[in-house]
2 protein chains.
Amino acid sequence: MSSKIFFTPGPSQLYHTIPQHLKNALRENIGSISHRSSAFQKLFAEMKERLKDLLSIPDEYDIFLMSSATEVWERIVQNLITKSSHHFVNGSFSKRFYDFTKLYQLQSTATIGTHSKEFESFDLPENSELISITLNETSTGYAFDQKRLKALSNKYPDKLIALDVVSAVPAVSVDFSMIDTAYFSVQKCFGLPSGLGIWITNEQCLDRAKQKVVNNKVIGSYHSLPSLKKNSDKNQTPETPNILSIYLLLQVIKDMQTRGIEMIRNETKATLLYQAFENLSYLRPFMMSKTNKSLTVCVAEVDQDNHDLLNFLAAKGLVIGEGYGEYESQHIRVANFPAHSREQVEMLVDYLHKY
Amino acid sequence: MSSKIFFTPGPSQLYHTIPQHLKNALRENIGSISHRSSAFQKLFAEMKERLKDLLSIPDEYDIFLMSSATEVWERIVQNLITKSSHHFVNGSFSKRFYDFTKLYQLQSTATIGTHSKEFESFDLPENSELISITLNETSTGYAFDQKRLKALSNKYPDKLIALDVVSAVPAVSVDFSMIDTAYFSVQKCFGLPSGLGIWITNEQCLDRAKQKVVNNKVIGSYHSLPSLKKNSDKNQTPETPNILSIYLLLQVIKDMQTRGIEMIRNETKATLLYQAFENLSYLRPFMMSKTNKSLTVCVAEVDQDNHDLLNFLAAKGLVIGEGYGEYESQHIRVANFPAHSREQVEMLVDYLHKY
């Protein structure tokens, strides 16, 4: 492998064990086994079990395989919303999920935040069937306050709560009792190549989808919740999935279990980055309050256009993210994932000081 | 790699160069590069260009990335059909696409074949907007006669023709001028790990999707044809795709271009298998006529339950496919893909004789 270190917010640095796991995958014929074989069923079952353990997901939740977190947005729209949902928009990705509801001709609503500051209101229309919250907005580095999430969950017990945990888990702890569904993709905090999404749902979600069918609504086809559930209960999938990625995810979960979740959730690496953002004259943290500062995607405003800085770091073999969308040239985004060692983050901070 | 040889009809034997390509992918940081980077754009552009060359796809066709061929069925239903399509069903997979139309509450129709014999009729209702044909039914080993396909294409110039080329290309030559859209997954004749589908469409398909939007119909979200087209024209994708698989596909296409398409389309390996099916007393080819005998998924009926034979071969390190669905224990399915060498097929035939 080259000496580059990727601090991009996903795809990002691969977990350090990936090369060895790929070698083992070839030896174990993972690329050739049938998705209908008992070898696959065993692999899928163990992945689900260990993921539940790693993330403290209650037993009664289901874990389904998607191709991306983007796909999960569409499946939520198809399966869990009939007329309207409400979306807390704190950046481009939460905005895009909201946009999907319009493409599906729903009457969804949104609270659009100012991105760098806490939302001003947490009220929402009574008729929303589902509340969408993005725990860690990868585009802005906005961390949604889990206390607010708990308050929303308590205030609206009849509404489904969908939590986008892309670029958060397993580095950020999530209390699943507050939510009905959550989803992520593996190229962020799990340090895998892209091409796999994970969708976690509870029984209320399945009931909602079944009710839509009773009401003669279309809920999609192979990736409808009832189809996913029927297959997953047999440790199978409705289509041939990305088996190699499921294998790699299982191995990295095992590695993380061995390392210990507390080591993975170590916050001091983020502190190093935010301290640099505070102390350096040409940078300042984009988030105003500590509560909203993401621990995994650390975003800073740059005094001038970011390209000179990006090029300076690239010449040292350090690849960081530019800003997203409207912030493309004004921000830098630095991933602080479990794959990034403290030494690597310290090296980056050193170069930020040398710039 | 272990000494097993997979003749399963996909996932199957990996193309022999895959281990080296995986090593190179790690060295080139393919698992870490952003899907918004110029490195990705270059990769995607080259893959599309070389695939067009390998399969003789006319320039005006678009190539889009899906997660599976199963996904393409849903995208065709969403984008290309408003009320009704007609499906030639020659096995479980063509049947499943037809089932998807019912889940989307369309009034589609089907000609259900007897699986082992040529369809008796090629007529269809006048109001079908799209004709679905499966060139190579992986579940039964039925090859659709391309002369019939050409006749249908000539007879119904205003209907879109969707051709399932899963487990056919690049081993089977396809005249794209007869069809409007085609699709496949990479774990069959390309010898890749599963987790990527390819969707090929022409301008008539894009027009159809745009017309649905004008008529206020839902065509999906991130994977609608207009969204795919807008991104692909910039060599980008609507979501983070399976970049590693795109890389592997590009490398295997290059390998196949070097080897030469005529070598890959060599039919003599299939002849060896069908001769064995004819000559052995406990086997007979499932297809009645030569025209319908697949060159890539060779299916035989077994005198008795197939499990003893499967176990005998497995003990020699040869993994072949059991029957699909209703034929599970009555058939064997042997993949004859470009990844399978003549020597490997001869070894399998030898053991079929020794059984």
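What is the order of the strands in the open sheet of seven strands in chain A? Figure 1 has the answer, and the ground rules come first. This is a predicted model, where local features need pLDDT of at least 70, side-chain atom pairs count only at pLDDT 80 or more, and totals for chains, interfaces and linings use all residues. Residues are numbered from 1 along each chain as its sequence is written, chains are lettered from A and ligands numbered from 1 in the order in which they are written, and side-chain values use heavy atoms, with hydrogens and water left out.

**Figure 1. The seven-stranded open sheet of chain A.** The order reads β2-β10-β9-β8-β5-β3-β4, and the pairing is mixed. Two strands pair if DSSP finds at least two bridges between them; helices (H or I, at least four residues) and strands (E, at least two) are DSSP runs, numbered from the N terminus. At the edges stand β2 (62–66) and β4 (109–112) of chain A, each with a single partner strand, so one side of each is left without a neighbour in the sheet. From one strand to the next, the twist averages 20°. Angles here run from 0 to 180 degrees between N-to-C directions, and axes are lines fitted to C-alpha atoms, for helices over the stretch in contact. Five bridges pair β2(A) with strand β10 (residues 197–201) of chain A in the antiparallel sense, and A:Met66 has A:Gly197 in β10(A) as its bridge partner.

**Figure 2. Helices lying across strands in chain A.** Helix α2 (residues 38–55) of chain A lies across β2, β9 (181–185) and β10 of chain A, at about 115° to β2(A). Helix α5 (residues 146–155) of chain A lies across β3 (85–89), β5 (130–134) and β8 (160–164) of chain A, at about 160° to β8(A).

**Figure 3. Helices α3 and α4 of chain A cross.** The axes of α3 (residues 69–80) and α4 (residues 92–103) of chain A come within 9 Å, crossing at roughly 40°. The crossing of α3(A) past α4(A) is right-handed (the near helix is turned clockwise from the far one by less than a right angle; anticlockwise would be left-handed). Among the residues that meet here, in contact (heavy atoms within 4.5 Å), are A:Trp73 and A:Ile76 in α3(A) and A:Phe93, A:Phe97 and A:Phe100 in α4(A).

**Figure 4. A:Asn242 and its neighbours in both chains.** A:Asn242 sits in the loop between α7 (225–232) and α8 (243–259) of chain A. Is A:Asn242 buried or exposed? A:Asn242 is buried, with a relative accessible area of 9% (buried means under 20%, exposed over 50%, partly exposed in between, with a 1.4 Å probe and protein chains only). The side chain of A:Asn242 reaches the backbone oxygen of A:Gly195 at 3.2 Å, and a polar atom of that side chain lies 3.1 Å from the backbone nitrogen of A:Ser245. Leaving aside residues up to four places away in sequence, A:Asn242 touches A:Gly195 plus B:Ser194, B:Gly195 and B:Asn242 across in chain B.

**Figure 5. Chain A laid on chain B.** A turn of 180° and a shift of 0.0 Å along the axis lay chain A on chain B with an RMSD of 0.0 Å. The two copies are thus related as by a two-fold rotation axis. In chain A, the C-alpha nearest that axis belongs to A:Ser67, 3.0 Å from it. The copies are superposed by least squares on the C-alpha atoms of residues with pLDDT of at least 70 in both.

**Figure 6. The five-stranded open sheet of chain B.** Here the order is β1-β13-β14-β12-β11, again with mixed pairing. The edge strands are β1 (5–7) and β11 (283–285) of chain B, each with a single partner strand, so one side of each is left without a neighbour in the sheet. Three bridges join β11(B) to the antiparallel strand β12 (residues 297–302) of chain B, with B:Arg284 opposite B:Glu301 in β12(B). Packing on the sheet, helix α10 (residues 268–279) of chain B touches β11, β12 and β14 (331–335) of chain B, and its direction makes about 5° with that of β12(B).

**Figure 7. Backbone oddities in loops.** A:Val169 and A:Pro170 are joined by a cis peptide bond with omega about 0°, and A:Pro170 is in the loop between β8 and β9 of chain A. A:Ser56 isn't a glycine, yet has a positive phi of about 50°; A:Ser56 is exposed, with a relative accessible area of 54%.

Conventions:
Polar contact = N/O pair within 3.5 Å; in protein donor to acceptor, adjacent residues only side chain to side chain.
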